[in-house]
Amino acid sequence: MEWFRLVVSAAFLFLGLLVFLAASIGVNKFKRALNRIHAAALGDTLGILFVLLGLSVWKGVSFASFKLMLVVLFFWLASPVAGHMISRLEIMTDEDLGEIEVEHREDI
């Protein structure tokens, strides 16, 4: 039973690290600030869930795993609010935000 819990915990931790990696690639790949904020907000919310879920499975049912789930709840409440506030600041200060780049393709 201990090995099974270790394998499940390692799978959650690895999945969380993959989500963090994908989010960091998205933050570096996108050109616009709003797209970067979106990638970062989704990546940290889902990544922290998987990492802390993996740590909770590893620890087992205890007060420590309860506290880890409270941290997940706090991140789920705080991260969207912070991302929204940063997005509003970007919208208010970016003068070129109204310009949309459109590519025309002739082969369609």
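This report describes a predicted model, with attention to its helices and to the residues that lie between them.

## Helix α2 and its surroundings

Helix α2 covers residues 33–59, which makes 27 residues, and from its first C-alpha to its last it reaches 38 Å, close to the 39 Å expected at 1.5 Å a residue. After this helix comes Gly60, a residue whose phi is positive, near 90 degrees.

The buried residues of α2 are Ile37, Ala39, Gly43, Thr45, Gly47, Ile48, Leu49, Phe50, Val51, Leu52, Gly54 and Ser56. The cover over these buried residues includes helix α1, which runs over residues 2–29, and helix α3; the latter spans residues 63–93.

## Where α1 meets α2

Gly16 belongs to helix α1, and because its relative accessible area is 0%, under the 20% limit, this glycine counts as buried. Leaving out residues up to four places away in sequence, Gly16 touches Gly47, Phe50 and Val51, and these three residues are among the buried residues of α2. The C-alpha atoms of Gly16 and Ile48 are separated by 6.7 Å, although the two residues stand 32 residues apart along the chain.

Aromatic rings also appear between these two helices. The structure holds three aromatic pairs, and one of them is formed by Phe12 and Phe50, whose rings are stacked at 6.2 Å centre to centre with 15 degrees between the planes. Because Phe12 lies in helix α1 and Phe50 in helix α2, this pair ties together parts that are 38 residues apart in sequence. As for accessibility, Phe12 counts as partly exposed at 24%, whereas Phe50 is buried, with a relative accessible area of 17%.

## The nonpolar core between α2 and α3

The largest nonpolar core has five residues in all, namely Ile48, Leu49, Leu52, Leu68 and Val72. Two elements, α2 and α3, give two or more residues to this core, and α2 gives the most, with three residues.

Within this core, Leu68 can be followed further through its contacts, which, leaving aside neighbours within four places in sequence, are with Leu52, Leu55 and Ser56. Of these partners, Leu52 is itself a member of the core, and Ser56 is listed among the buried residues of α2.

## Thr45 and Lys67

Thr45 sits in helix α2 and is buried, because its relative accessible area of 18% falls under the 20% limit. A polar atom of the Thr45 side chain lies 2.8 Å from the backbone oxygen of Ala41. When residues up to four places away in sequence are not counted, Thr45 touches Trp76 and Ser79.

Lys67 offers a contrasting case on helix α3. This lysine is partly exposed, because its relative accessible area of 45% falls between the limits of 20% and 50%. The C-alpha atoms of Lys67 and Leu52 are separated by 9.9 Å, and the two residues are 15 residues apart along the chain. Leu52, for its part, is a buried residue of α2 and belongs to the largest nonpolar core.

Methods: Residues numbered from 1 in each chain as written. Predicted model: local features only at pLDDT ≥ 70, side-chain atom pairs only at ≥ 80, totals over all residues. Heavy atoms only, no water. Helix = DSSP H or I, 4+ residues; strand = E, 2+ residues; numbered from the N terminus. Buried < 20%, exposed > 50% of the residue type's maximum accessible area, 1.4 Å probe, protein only. Expected span 1.5 Å × (residues − 1). Contact = heavy atoms within 4.5 Å. Polar contact = N/O pair within 3.5 Å; in protein donor to acceptor, adjacent residues only side chain to side chain. Core = buried A, V, L, I, M, F, W, Y, C linked by side-chain atoms within 4.5 Å. Phe/Tyr/Trp six-rings, centres within 6.5 Å; stacked < 30°, edge-to-face > 60°.
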